[in-house]
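I pulled up this model to go through its helices, its charged pairs and its surface. These are my notes, in the order I looked things up.

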Amino acid sequence: MPTLGWRWLLGLSSLPLLVFDIACLWMPESARFFMASGQTRRAYDVLERIAKENGTTMPPGELVSDAGQRKDTTPRGRFADLVGPDFRRTTFLLWIIWLGNAFSYYGVVLMTTELLGAGDTCHVGSQSNIPAAECSLECRMLTTADYWDLLWTTIAEFPALFLTAVIIDLLGRKRTMALEFVVYSVFVFLLCICTSRVIMTMFLFVARGFISGAFQTAYVYTPEVYPTSMRSIGLGMCSAMARIGAILAPFNSQVVLNYSVYAAISIYGTVALLAAGASMLLPIETKGREMKDTRTVQ
């Protein structure tokens, strides 16, 4: 970015998305979804295709599903199902978790550039260490050293994903999310200490890693807790709440931070602690739980 500019950075970063879009053309639909919606023939076609691509044959027998045989006239994918008596508590808590997760994740990402540009938390308001940019907008250019430190904090997401994959089945989904939110909060609050750039980068490294892990755990838990008949709308609404958190994050990391770095840091840490509490209050632990096809009608 210091040499080619942000346009090249944005363009090159979009290439993996293009590859993913092309790959989606060969991605089969979920056979489980077809069975849950009574489309047995299409489910069989998907499984037959998968067997053919793996060089094997389908086992003998017929696909049988209670969901496919019973008469179910209940509309699928309704918002009312999310806030109904069966899932109301789970839904509201998940909305808090997803909003807090996105707010905390994008907050630490945006706050990292501000802190690295200033050198430490003691000079965020002045930003005297950032060279002025030759542009008409109110922008500042980061140095090459800033980008290297930013890269280090980004790399934190990789070991965090492996750590999450290990502990998610040991502690369970709820405890894993709560633990990662708490660790994130601790290291975010540690940024209030006026310390060296190296130590500050280490704090940012750990905070970003664990909030990324909490995000991945939420992505695992949410599809598991909702039945197939309402999984899409459940995950979609949680994603929408995450977008709200992402919209609010820049205000705190760009506006509040310039007035009081300690206030901005405290907001991020407090929101993550609230999300940790919401994680522990979830009524269902999905570890080892069979995924449901349809909701239980009382």
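**Entry 1: the whole chain**

I started with contacts, meaning heavy atoms within 4.5 Å: of those in the chain with a separation of 6 or more, 76% are between residues 24 or more positions apart. Before going further, I noted that this is a predicted model, where local features need pLDDT of at least 70, side-chain atom pairs count only at pLDDT 80 or more, and totals for chains, interfaces and linings use all residues. Residues are numbered from 1 along each chain as its sequence is written, and side-chain values use heavy atoms, with hydrogens and water left out.

Next I looked up the secondary structure and got 12 helices and zero strands. Helices here are DSSP runs (H or I, at least four residues), strands likewise (E, at least two), numbered from the N terminus. Read from that end, the order is α-α-α-α-α-α-α-α-α-α-α-α.

Then burial: 39% of the 298 residues are buried. My classes are buried for under 20% relative accessible area, exposed for over 50%, and partly exposed in between (1.4 Å probe, protein chains only). The chain exposes about 16700 Å², with carbon and sulfur atoms supplying 65% of that area. Accessible areas come from the Shrake-Rupley method with a 1.4 Å probe, and for residues only the protein chains shown count as cover.

**Entry 2: a nonpolar patch**

Which residues make the nonpolar surface patch of about 930 Å²? I found Leu4, Trp8, Leu12, Leu15, Leu18, Ile22, Leu25 and Trp26. Patches take residues with over 30% relative accessible area and no salt bridge, joining like charges within 9 Å and nonpolar side chains (Val, Leu, Ile, Met, Phe, Trp, Tyr) within 5 Å. I checked Trp26 separately: it sits in the loop between helix 1 (6–23) and helix 2 (31–36). Trp26 counts as exposed because its relative accessibility is 57%.

**Entry 3: salt bridges**

I searched the whole structure and got five salt bridges, each a side-chain nitrogen of Lys or Arg within 4 Å of a carboxyl oxygen of Asp or Glu.

One of them pairs Asp45 with Arg41 at 2.8 Å, N to O. Both residues belong to helix 3 (residues 40–53) and are four residues apart, about one turn of the helix. That spacing suits a pair, because an α-helix has 3.6 residues a turn, so residues three or four places apart point the same way. Arg41 is exposed at 52% relative accessibility, while Asp45 is partly exposed at 37%.

Another joins the side chains of Arg208 and Glu157 (2.9 Å, N to O). Arg208 is in helix 10 (residues 197–225) and Glu157 in helix 8 (residues 157–171), so this pair ties together parts that are 51 residues apart in sequence. Buried or exposed, I wondered, for Arg208 and Glu157? Both are buried.

I also looked at Arg173 and Glu224, whose salt bridge is 2.9 Å, N to O. Arg173 is in helix 9 (residues 173–189) and Glu224 in helix 10, 51 residues apart, making this a link between distant parts of the chain. Arg173 is buried with a relative accessible area of 8%, and Glu224 is buried with 16%. Asp169, Arg173 and Glu224 form one network through salt bridges that share partners.

**Entry 4: helix 9**

Helix 9 has 17 residues and spans 24 Å from first C-alpha to last, close to the 24 Å expected at 1.5 Å a residue. The expected span is 1.5 Å times one less than the number of residues. Its buried residues include Arg173, Met177, Phe181, Tyr184 and Val188.

**Entry 5: helix 11 and what it meets**

Helix 11 (residues 228–259) has 32 residues and reaches 47 Å, close to the 46 Å expected. I found a bend of about 25° at Asn252, taken as the angle between axes fitted to the seven residues ending there and the seven starting there.

What does Ala242 of helix 11 touch? Leaving out residues up to four places away in sequence, Ala242 touches Trp98, Leu99, Ala102 and Phe215. Ala242 is buried, with a relative accessible area of 1%. Ala242 and Ile97 are 145 residues apart in sequence, with 8.5 Å between their C-alpha atoms.

Last lookup: Leu110, in helix 6 (residues 88–118), is partly exposed at 27% relative accessibility. With the same neighbours in sequence left out, Leu110 touches Ala249, Pro250, Ser253 and Gln254. Leu110 and Ser253 are 143 residues apart in sequence and 6.1 Å apart in space, C-alpha to C-alpha.
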